[in-house]
Amino acid sequence: MRHYLIFILFILYSNSFAQDIYEQYPAGQTDYTGGNVQFYKDFHQVLKDKKLQPCENKKEAFSFRIVVYPDKKIKYVKSEDSESLDKNKCAFELTKEVAKYLTGWNPALVDGNKVAAVTSFWIIPHELFQELPQGYDPVNDMEMATYEGGINNFRKKVFQSIDLSRFTFNGTFRLEVTFIVEPDGKISNIQLAESSGLKAFDDMVVKGISQIRNKWTPGNIHGIPVRYRFRLPLSFKMD
C-alpha cells in the first residue's frame, strides 16, 4: 500500500514538478550506496578534499532531511523547527555544501519503479571533521529520550490528565500519539497518529498530554542532546 506525503507538510527549497513522494524508504532498501557507513565516509572525504571549515560550536547536531528523486537528484526538506535550524545553522549550511559532491544516492523502488522518497541523516560536524572510527554511524549510538519513572509513569500522568467519565464505551480501544522531546526536555508537536474513532476523545488526550509539565531527559548522540520523536500507544478499557 502506498503512503503519500501531504505536500503541506513539506516546503522544498526549490520548485519541482508535482509527483508522489514517499515519506520513507521501503523496508530493506538503502538510500545511499554502501549504507550509512559509506555515506559518512564520503562526507568526511569531501570535507578534507574541499578544505571546508569546521563549525565553531562543537555541540551542533542536525537531522538533515532530503528527498531523493528517481534521477538521483536531491532536494532539501525545510525544517519546521526554525529554532533548531538557527541553533545548528553551520551544520545545515555545511551539509548543503557537501551534498553537492555526494554521488551515491539510490532512489527508492516500488513495484520495480524508481520513486521519490524522503530520507534523513544525523550530521554532527565536530565528529565528521575528525578521523572516523570504523563503522561510524551516529544513529547506532543514539540514546532514546526517557521520562522520570519510566514510560509507564508517563502513561499514568496521561490518564490522570483526562476525564474518562465524559465518555461511555464498552470494551478496549486504543489510540496513538507522536510528539518530539526537545533537547531541553520539553515536548512539542503533539500529533494524533491513530484515532480512537471519537474526535472529542482524541482531542482530550492530546490536550492532556500538552498539559503535563514534567520534563523528559532528552535523547542524545555521543552526549549531545538531540530532538527525539516518540510514538506513544495508549489503551483504554471501559465496562
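Over which residues does pLDDT stay under 50? Hello everyone, let's begin there. What you have in front of you is a predicted model, and its pLDDT stays under 50 over residues 1-18. For that stretch, the model has 36 contacts beyond four places in sequence.

Now for the protein chain as a whole. Its mean pLDDT is 87, and 91% of its residues reach 70 or more. Among the elements of the chain, which helix has the highest mean pLDDT, and which the lowest? Helix α1, residues 35-49, has the highest, at 97. Helix α2, residues 82-87, has the lowest, at 81.

Keep helix α1 in view, please, and find K48 in it. The side chain of K48 meets the side chain of E131 in a salt bridge, with 3.9 Å from N to O. Where is E131? You will find E131 in the loop between α4 (125-128) and β6. The two residues are 83 apart, so this pair links distant parts of the chain. How open to the surroundings are the two partners? E131 is exposed, with a relative accessible area of 62%, whereas K48 is partly exposed, at 43%.

That salt bridge has company, as the structure holds eight salt bridges. Let's look at another, between R231 and E176. Their closest N and O atoms are 2.6 Å apart. R231 lies in strand β13, residues 228-238, and E176 lies in strand β8, so this salt bridge ties together parts that are 55 residues apart in sequence. Is E176 buried or exposed? E176 is buried, because its relative accessible area is 11% and the cut-off for buried is under 20%. The pair also belongs to a wider group: R174, E176, E194 and R231 are linked in a network of salt bridges.

For a contrast in setting, turn to helix α6, residues 199-210. Here K199 forms a salt bridge with D203, and the closest N and O atoms are 2.7 Å apart. Both residues lie in this helix, four residues apart, which is about one turn of the helix. K199 is exposed, with a relative accessible area of 60%, and D203 is partly exposed, at 39%.

Next, the aromatic rings. How many aromatic pairs does a search of the whole structure find? The search finds 20. One of them is formed by F179 and W216, and this pair is edge-to-face, with 5.5 Å from centre to centre and 65° between the planes. F179 lies in strand β8, residues 171-181, and W216 in strand β10, residues 216-217, so the pair ties together parts that are 37 residues apart in sequence. If you are wondering about those two values, a pair of aromatic rings is described by the distance of the centres and the angle of the planes. Are these two residues buried or exposed? F179 counts as buried, at 0% relative accessibility, and W216 counts as buried too, at 5%.

There is also a group of aromatic residues to pick out. Y32, F39, Y40, F43, W105, F121 and Y136 form one aromatic cluster. Try highlighting them on your screen.

Let's move on to a sheet. In what order do the strands of the open three-stranded sheet come? The order is β6-β11-β12, and the pairing is antiparallel. The edge strands are β6 (142-143) and β12 (224-226), each of which pairs on one side only. Strand β6 is joined by two bridges to strand β11, residues 219-221, and these two strands run antiparallel. To see how they line up, find M142, which stands opposite I221 in β11.

I'll finish with two loop residues and their backbone angles. Which value does phi take at K72? Phi of K72 is near 75°, a positive value in a residue other than glycine. K72 sits in the loop between β2 (62-68) and β3 (74-76), and at 43% relative accessibility it counts as partly exposed.

The second residue is D111, whose phi is near 55°, again a positive value in a residue other than glycine. D111 lies in the loop between β4 (108-110) and β5 (113-123). At 70% relative accessibility, D111 counts as exposed, because the cut-off for exposed is over 50%.

That's my tour. Thanks for listening!

Conventions:
Residues are numbered from 1 along each chain as its sequence is written. This is a predicted model: local features need pLDDT of at least 70, side-chain atom pairs count only at pLDDT 80 or more; totals for chains, interfaces and linings use all residues. Side-chain values use heavy atoms; hydrogens and water are left out. Buried means under 20% relative accessible area, exposed over 50%, partly exposed in between (1.4 Å probe, protein chains only). pLDDT is the predictor's confidence in each residue, from 0 to 100. Contact means heavy atoms within 4.5 Å. Two strands pair if DSSP finds at least two bridges between them. Rings of Phe, Tyr and Trp (its six-membered ring) pair if their centres lie within 6.5 Å; planes under 30 degrees apart count as stacked, over 60 as edge-to-face and the rest as tilted. A salt bridge is a side-chain nitrogen of Lys or Arg within 4 Å of a carboxyl oxygen of Asp or Glu.
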